[in-house]
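Trainee: Could you take me through one part of this model up close? I'd like to see how the two chains sit against each other, and then one helix pair inside a chain.

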There are 2 protein chains.
Amino acid sequence: MKQTEQAKKITKVAASLFAKKGYNGVGVAEIGAASGFGRGTLYHHIESKEDLLHEIASQYISDLVQSGHKIARQYPDPIQRLNALSRHLMVVISRSLAEIIVCFREVQSLTGSRHHNVMCMHAEYQEIWSRTIEEGVEQNVFRAVDKIAVKGLLGMYFYSCLWLKPDGFQSPEDIGDVFSDLVIRSLSRRPGE
Amino acid sequence: MKQTEQAKKITKVAASLFAKKGYNGVGVAEIGAASGFGRGTLYHHIESKEDLLHEIASQYISDLVQSGHKIARQYPDPIQRLNALSRHLMVVISRSLAEIIVCFREVQSLTGSRHHNVMCMHAEYQEIWSRTIEEGVEQNVFRAVDKIAVKGLLGMYFYSCLWLKPDGFQSPEDIGDVFSDLVIRSLSRRPGE
């Protein structure tokens, strides 16, 4: 197993354990045992338990930010872009359920620059959506909405980590389509507006 | 202080402690000390820590269900009803932030009928919204949407427990209006549809 694969496995196992038992209820030794790596390998990849928590809270939001910027360049049209962002967000949520649950519960356990860094990435991701809505307003396809609207709309997606079944009959992309249809309708200007 | 006020204070203090330190990180003695009641008063009101968790997870959703049914009777018009449900939901979330955070994090710690009871109330509350949308569809004001839409729309509201500031410059009613405007637009039929 390559080093990056080892690191990913450790993070995945830790996320799953933290989601089940809480961050304070799991020790580094238990993470080592569950991931099948010895102490040496474990400490080669992580500095501390907080380091692991930071990894868990960072990976999915860092992926969302990077892919979000790529999607923004790829889809100049705000409606098409919202649909692409929507599908991608549901795919990431669906494969990161434990990580997102742990982040929501435990982000306050991160200290100093680690906490700041995670919060900044969330703000940057929200900004990608806000900017898309603003461009739609500039192009007269969307109406202007209160700033708090984007928080509500993103909440539609992130809250799904509490009810989403990764093996459910609807794919994340299908759910992304249902949600983006609601979002786009909620923002769209009507004839005469 | 009346017995019901004592009970309410104990639940409020426990919710706040559980939200800060986690359900497993707080003992009954600490709740007693923080609420200023002796062991006798405490055990007069609660049977166990799980009993307290059940109280915390039940109160706001029981309020939402009862008031939801009342609002449904009061507003036969689906659009007006969604606006009233929306405002009321934001008011309840705003005054129950600690309770909702604790419920989301710890509902799995409830066992047997207690867990079932809380989940049933959440389903009943969702059903009040679903029924409102269905009536709108029957009356041709709303379009038919996928069943998962109502989960997304309610997520808009509940997810706000992570970012809502009870002393923020927008009142819960104002936020409820912004959200209900998005929800109603997302569901409304357009001319010719």
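Mentor: Sure, and keep in mind that this is a predicted model. Start with the two copies: a turn of 180° with a shift of 0.0 Å along the axis lays chain B on chain A, at an RMSD of 0.0 Å. That is how a two-fold axis relates its copies. Both copies also use the same surface, since 100% of the contact residues of chain B turn up again in chain A.

Now the interface itself. On chain B, 28 residues are in contact with 28 residues of chain A. Between them the chains bury about 2,800 Å², and 62% of that lies on carbon and sulfur atoms. If you want residues to click on in chain B, go for Ile148(B), Tyr159(B) and Arg185(B): these lose the most area to chain A, together 25% of what that side buries.

Next, stay inside chain B and pull up helix α5 (residues 78-95) and helix α7 (residues 112-138). Their axes come within 9 Å and cross at roughly 155°. An angle over 145° counts as roughly antiparallel, so that is the label for α5(B) against α7(B). The crossing of the two is left-handed.

As for side chains and who meets whom, α5(B) brings Pro78(B), Arg81(B), Leu82(B), Leu85(B), Ser86(B) and Leu89(B). Facing them from α7(B) are Tyr125(B), Ile128(B), Trp129(B), Thr132(B), Glu135(B) and Gly136(B). Sorted by class, the α5(B) and α7(B) contact has 7 nonpolar, 3 polar and 2 charged residues.

Methods
Residues numbered from 1 in each chain as written. Chains lettered and ligands numbered in written order. Predicted model: local features only at pLDDT ≥ 70, side-chain atom pairs only at ≥ 80, totals over all residues. Heavy atoms only, no water. Axes fitted to C-alpha atoms, helices over the stretch in contact; angles between N-to-C directions. Helix = DSSP H or I, 4+ residues; strand = E, 2+ residues; numbered from the N terminus. Parallel < 35°, antiparallel > 145°, perpendicular 65-115°, else oblique. Left-handed = near helix turned anticlockwise from the far one by under 90°. Contact = heavy atoms within 4.5 Å. Nonpolar A, V, L, I, M, F, W, Y, C, P; charged D, E, K, R; others polar. Least-squares fit on C-alpha atoms with pLDDT ≥ 70 in both. Buried area = accessible area lost by both parts, 1.4 Å probe.
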